[in-house]
Amino acid sequence: MEQKILAYLKEHETEIFEDLKSLVLTEASTSDIEALAKVREKLVMLIKERTGEDSFVYEAENGHCPVRFQYGKGTEKILFIGHYDTVHLIGALKYYTEGNELHGPGVYDMKGGLISAIWTVKAYKDLGIDPGKRLEFIFNGDEETGSAESTDIICELAKDAKAALVCEPCTANGDLKTGRKGLVRFTVRIHGKASHAGNAHKEGINAIEELAHEILAIQKLTDYEAGTTVNVGVCSGGTKPNVVPAEAEIEIDCRVKTAAEGDRIRKAINEIRTTVPGTTREVIERDSKMPMEETEANMALFEKAKICGEKIGLKFSHQFVGGGSDGNEVSALGIPTLDGLGAAGDGAHSANEYILIDQYIPRIAMLASFVLTI
Ligand SMILES: [Zn+2]
């Protein structure tokens, strides 16, 4: 089966790369709503042209409308997840090939993966392969800014899925992603009392002094062995050197491998006792993303993908990576999730983004054969 799919995709290599080019050259960063609509139109058109399926476009208040389509029948469902927004401003990156590298805005993260998903269906259709399950595809337009308008939709679709497959790119060395760190951001604000630093030093309550104690305590919550990092990244406070500062605040970024570690950090930051008498503190939780824990179910999916890869001549392992994706929240629901099933390459979010041309077709063949083993 693997060889049959691979041979089919190789035969259609020219069309696949043409589809990729046309989708990559329809550019839009997450904030460019008008251009994003054009990417969506292009995507809906490609889906129809290649798979014969109509897409459903969700309404979204701020215009980052997710696109959904499905293929195949069955009681079981597999959810494919991807995003059509990129971090690049229009015209910032050129589209060109250099040796085995195909460069372009969003080609690696992750328009390559969208075309992989579409051509998986196209291969099934043309080869008369019945996946035996309902394949559902959800492509959102706000992943790069945290998926505010799509997380609920994705989680709702994932709830009854047998597996969730994230078509984000694999790691730079070709590994799939079986775990992703979660994220919590906090602001800690300290309130003291202002006074004249010369005439009434004793009457003041120094918010910066309190914050200094807290910064040291908070930084110490880092536990590299557990994969937990805590970073006080922004610090501000006070008004003038001759005023005892009444206000001061810090912004904190925490990354965790498990939900339990997230809870430990949350509790510790909330429960810090003030050191400087008279100060009060406020803890505000900003963004948060659940970790995609490296569960047994995620690992079982990886093992299947690995076998399919080997049959096609692809060798890869798996990694627990620092950055998040839409797979995080889905995996946290207990749905077996595997990430990194898109293109191979490097340079996500940089001016040097590219995919490896010779790996592109085999990676699609791996995805298409792997789905049949789930
Ligand atoms: Zn991405």
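How many helices and strands does the secondary structure of the protein come to?

1. Ten helices and 18 strands is the tally. Keep in mind while reading on that this is a predicted model.

2. On overall dimensions, the C-alpha trace spans about 85 × 45 × 40 Å along its principal axes. The protein has 374 residues, and 52% of them are buried.

3. If you like contact maps, look far from the diagonal. Taking contacts with a separation of 6 or more, 79% are between residues 24 or more positions apart.

4. Now the surface. About 16,300 Å² is exposed, and carbon and sulfur atoms supply 50% of that area. As for charges, there are 42 positive and 59 negative ones, and the mean positions of the two sets lie 2 Å apart.

5. Next, the inside. In soluble globular proteins, nonpolar side chains tend to be buried together. Here the largest nonpolar core holds 66 residues, and the members touching the most others are Leu-9, Phe-80, Leu-165, Met-366 and Phe-370. Helix H4, covering residues 107-127, gives the most to this core, with eleven residues.

6. Met-366 deserves a click in your viewer. It is one of the core members that touch the most others. Setting aside neighbours within four places in sequence, Met-366 is in contact with Leu-176, Ala-305, Cys-308, Gly-309, Ile-312, Leu-314, Phe-316 and Leu-341.

7. Don't stop at that core, though: a second, separate one has 18 residues, among them Val-188, Ile-190, Ala-207 and Ala-248. I'd colour the 66-residue core and the 18-residue core separately when you open the model.

Notes. Residues numbered from 1 in each chain as written. Predicted model: local features only at pLDDT ≥ 70, side-chain atom pairs only at ≥ 80, totals over all residues. Heavy atoms only, no water. Helix = DSSP H or I, 4+ residues; strand = E, 2+ residues; numbered from the N terminus. Buried < 20%, exposed > 50% of the residue type's maximum accessible area, 1.4 Å probe, protein only. Contact = heavy atoms within 4.5 Å. Areas by Shrake-Rupley, 256 points an atom, 1.4 Å probe, with all protein chains shown as cover. Lys, Arg positive; Asp, Glu negative; His and termini not counted. Charge placed at Lys NZ, Arg CZ, Asp CG, Glu CD. Core = buried A, V, L, I, M, F, W, Y, C linked by side-chain atoms within 4.5 Å.
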